[in-house]
2 protein chains.
Amino acid sequence: MLETVTRMKTANAREALLEPARKADSEKRGRKASKEVRQLQLIEATIDSLARRGYSETTMADVADGAGLSRGIVNFHFESKEKLLVATLQHMYDEYSAHWRNALQRAGDEPANQLHALVCADFDRSICNKRKLAAWCAFWGEAKSRPTYQALSSARDAVYQTIFIDLCASLKQSGGYAYEPQVMALALSAMLEGLWLRLMMGTEDTTRETALQAANEFLSVAFPKHYPLKAAVKP
Amino acid sequence: MLETVTRMKTANAREALLEPARKADSEKRGRKASKEVRQLQLIEATIDSLARRGYSETTMADVADGAGLSRGIVNFHFESKEKLLVATLQHMYDEYSAHWRNALQRAGDEPANQLHALVCADFDRSICNKRKLAAWCAFWGEAKSRPTYQALSSARDAVYQTIFIDLCASLKQSGGYAYEPQVMALALSAMLEGLWLRLMMGTEDTTRETALQAANEFLSVAFPKHYPLKAAVKP
DNA sequence: ACTTACTGAATGAATGTTCAACAAATGATG
DNA sequence: CATCATTTGTTGAACATTCATTCAGTAAGT
């Protein structure tokens, strides 16, 4: 009605699966697509809305419009707004989790490389961009008063923290440092989150590059034997 | 205008300031109180509501109830909900700003002492408590999509950051360190914000004491000549 | 008497949810 | 293969609720 209706077959559905966030305004409002595709599509539209308007201004209508679908659609695929938001948070959590686990695996067995890989992973474009950071922050703002969000909202959860502590302990032993691993791991992970917050706020003095630079500087002063200080960056 | 609200000093105002969250159902709903007292009272009730229910669930009715006043009261003292929230954020900003400026002034002329004082100030009970942190985070979650909040929402603003950079530069010179002051200042201030975020989330592994400990550990590894590593202590 | 602070019911706008109707895919049947 | 039946996905209007705002009225202070 709003747009011309075109027949959409399985080929198009597959295409939509590969490009779920596309703005394609032509075929989307068509007919069928697999349940998973539609849900993904709605979740992406939710992230968009969160990033654009913030948590409190994100409405079902805006999500539906953003996906190019009708108003009632969200309640069909997700039971309620609340459940849509939980699913969205879960999706972001899964994505983030998979990302750092993958980075860790590719880093080999050397603890110093592993820690560096984790730090770098945090500032990867696929994870660390305005849209996603804004969505994360929208959830953070509500997490304290919503038990359901709390568990998922700290992207860097207990497992992540444990790995950080273990890595710090390894480096301490091999480098002969004096600090307490738990304390250093807390300082490090807190700094990473703080840099995210800075990036999200969008003060122009902090970019993804300078944030990564600051994180590396931290590694250099905390673990000088493993990350010798020199110019790792360019202007 | 908004600043004058937070800067009032009648006897009644001070009394209300000391016991802002009081439930007193007897005298409050009574009749008169100075305009400033009422506004302060409503701002405190707003912080309560933000901390208890989060930004999106904070309603005018809840604020009015929390203050023990009638429904229409907020629109009388503040023109709208939006303006109430801006005034609340401004109030928190002023308070935070005054706090670290005061700490800086008391620290004397030694840069090392000044930096340490700023770090400690961040974890002072009067500033760093569940209620206030939750309110900060509520605003952070909305800041990106609200220009009005953006300027005020980064409690540690441009001035603060400049002071950090200058202090890092001073310490670099007197200690002969190799880092770039800007980068180190960013790492440090980001870590402080990240620790706040942790505290706010309320994961039980992070307390005000362990957060301060982590911050001091950072100072020790970044500026070893100025903060020799040993028992990190509290004020 | 006059001003100022305050009340609380009324109002209207915004928004999440429901649902009856509809359309597309799939399956069944001859 | 054509036709009908059933299931599944989708729509959009109607509904109910929540909530910010308004305002006429009231009471306290001066």
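What rotation and what shift along its axis superpose chain A on chain B? In this predicted model, a turn of 180 degrees with 0.0 Å of shift does the job, at an RMSD of 0.0 Å (least squares on the C-alpha atoms of residues with pLDDT of at least 70 in both copies). That is how a two-fold axis relates its copies. Local features need pLDDT of at least 70 and side-chain atom pairs count only at pLDDT 80 or more, while totals for chains, interfaces and linings use all residues. Side-chain values rest on heavy atoms, without hydrogens or water, residues are numbered from 1 along each chain as its sequence is written, and chains are lettered from A in the order in which they are written.

On to the interface. Chain A and chain B each put 49 residues into the contact (heavy atoms within 4.5 Å). Since 100% of the interface residues of chain A are also interface residues in chain B, the copies meet through the same surface. About 3700 Å² is buried between the chains, with carbon and sulfur atoms giving 67% of that (accessible area, 1.4 Å probe, lost on putting two parts together, summed over both). A:Lys144, A:Arg198 and A:Met201 supply 18% of what chain A buries against chain B, more than any other three residues.

There is charge pairing here too: four salt bridges cross the interface (a side-chain nitrogen of Lys or Arg within 4 Å of a carboxyl oxygen of Asp or Glu). A:Arg146 and B:Glu57 pair up through their side chains in a salt bridge, at 3.3 Å from N to O.

As for B:Met191, its contacts beyond four places in sequence include A:Ala187, A:Ala190 and A:Met191.
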